[in-house]
Amino acid sequence: MGEILLIRHGETTWTASHRHTSYTDLPLTPDGERQARALGVMLAGRRFVRVLSSPRQRATRTAHLAGLDVDAGEPDLAEWNYGEYEGRTTADIQEDRPDWNLWTDGCPGGESPSQVGERLDRVLARVAPLLDRGNVALVAHGHSLRVLGARWIGLPPSAGARLRLDTATVSVLGHEHGRQVILRWNQPSPPPPGTDPGPGVRH
């Protein structure tokens with residue numbers, strides 16, 4: 001039985017500043033491109049029966065730099081639609097709505113948690129049958145992949161709040177004793193040789 005590898009794209013200017021980024025099609029920063037290339041080291045030797053990517057350039061570029069050949073763009077892998085909150089930080093939003101929580105409230109003019117969950121369920125329904133033939137790679141975004149991870153183990157979309165996911169990371173979904181499980185989560189790409197990764201967090 002194969003595994004599903006979830007690959008979050010490298011850094012953009014908005015991920016670095018913690019701004020919600022969905023339909024705004026930003027490129028990777030130079031650091032994001034380096035992160036994406038480093039992902040290739042983690043993926044070396046892996047064979048995939050299917051590679052799907054969000055259509056956003058930050059995802060497709062990450063896939064390319066990591067050495068993946070994308071079979072198709074998958075609109076259902078796009079990031080959570082933040083609607084009126086696109087480009088804003090959580091702290092900024094909570095100045096207007098102190099009790100706002102993306103994972104339970106969704107976004108005005110955008111998507112609710114259940115809507116995001118429904119489209120990630122569609123992705124899982126399409127790729128799960130492929131695991132009989134080998135591994136599948138999904139290249140996408142922080143919040144959408146967190147929802148996908150939660151749905152794989154039978155939890156509601158809101159449970160993605162408990163699955164932090166940094167930029168340029170690999171997570172692995174698979175099986176144990178016939179149950180769908182998370183095998184690894186939020187594994188960062190290795191730093192370039194001769195550099196100190198430091199204590200910072202990649203967003």
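How many residues apart are D31 and R34 in helix α2? Keep that in mind as you open the viewer; this is a predicted model, and the tour below goes from one selection to the next.

**Stop 1: helix α2**

Select residues 30-43, which make up helix α2. Now pick out D31 and R34: they sit three residues apart, so about one helical turn separates them. Show their side chains and you'll find a salt bridge, with the closest N and O atoms 2.1 Å apart. Switch on a surface if you like. D31 counts as partly exposed, at 37% relative accessibility, and R34 is partly exposed too, at 45%. As background, side chains of opposite charge can pair when their charged atoms come close.

**Stop 2: from helix α6 to a loop**

Next, select R122 and D76. They form a salt bridge as well, and here the closest N and O atoms are 2.9 Å apart. R122 belongs to helix α6 (residues 113-127), while D76 is in the loop between β3 (72-73) and α4 (90-96), so this pair ties together parts that are 46 residues apart in sequence. Is D76 buried or exposed? D76 is buried, with a relative accessible area of 12%, whereas R122 is partly exposed, at 40%.

**Stop 3: one more pair, then a network**

Jump to R97 and D105. Their side chains meet in a salt bridge at 4.0 Å, N to O. Both ends are partly exposed: R97 has a relative accessible area of 33% and D105 has 37%. Now add E74 and R126 to your earlier selection of D76 and R122; salt bridges that share partners join these residues into one network. Across the model, the count comes to 13 salt bridges.

**Stop 4: the sheet**

Hide the side chains and go to a cartoon view. Look for an open sheet of six strands, in the order β3-β2-β4-β1-β5-β6, with mixed pairing. Which strands are at the edges? They are β3 and β6 (179-188), each of which pairs on one side only. Follow β6 to its partner β5 (residues 169-176): the two run antiparallel and pair over seven bridges. To see a facing pair of residues, select E176 and R179; E176 stands opposite R179 in β6.

**Stop 5: helices against the sheet**

Keep the cartoon and colour helix α3 (residues 57-65). It lies across β1 (4-8), β2 (48-53) and β4, running at about 135 degrees to β4. Now colour α6, the helix you met through R122. Helix α6 packs on the sheet and touches β1, β2 and β4, with its direction making about 155 degrees with that of β4.

**Stop 6: N135 in strand β4**

Finish by zooming in on N135, found in strand β4 (residues 135-140). N135 counts as buried because its relative accessibility is 15%, and buried means under 20%. What does the side chain of N135 reach at 2.8 Å? The answer is the backbone nitrogen of E3. The same side chain also reaches the backbone oxygen of R47, at 3.4 Å. Show the surroundings and, leaving aside neighbours within four places in sequence, you'll see N135 in contact with G2, E3, R46, R47, F48, V49 and R50.

Conventions: Residues are numbered from 1 along each chain as its sequence is written. This is a predicted model: local features need pLDDT of at least 70, side-chain atom pairs count only at pLDDT 80 or more; totals for chains, interfaces and linings use all residues. Side-chain values use heavy atoms; hydrogens and water are left out. Helices (H or I, at least four residues) and strands (E, at least two) are DSSP runs, numbered from the N terminus. Buried means under 20% relative accessible area, exposed over 50%, partly exposed in between (1.4 Å probe, protein chains only). A polar contact is a pair of N or O atoms within 3.5 Å; within protein, one must be able to donate a hydrogen and the other to accept it, and residues adjacent in sequence count only if both atoms are side-chain atoms. Contact means heavy atoms within 4.5 Å. Two strands pair if DSSP finds at least two bridges between them. Axes are lines fitted to C-alpha atoms, for helices over the stretch in contact, and angles run from 0 to 180 degrees between N-to-C directions.
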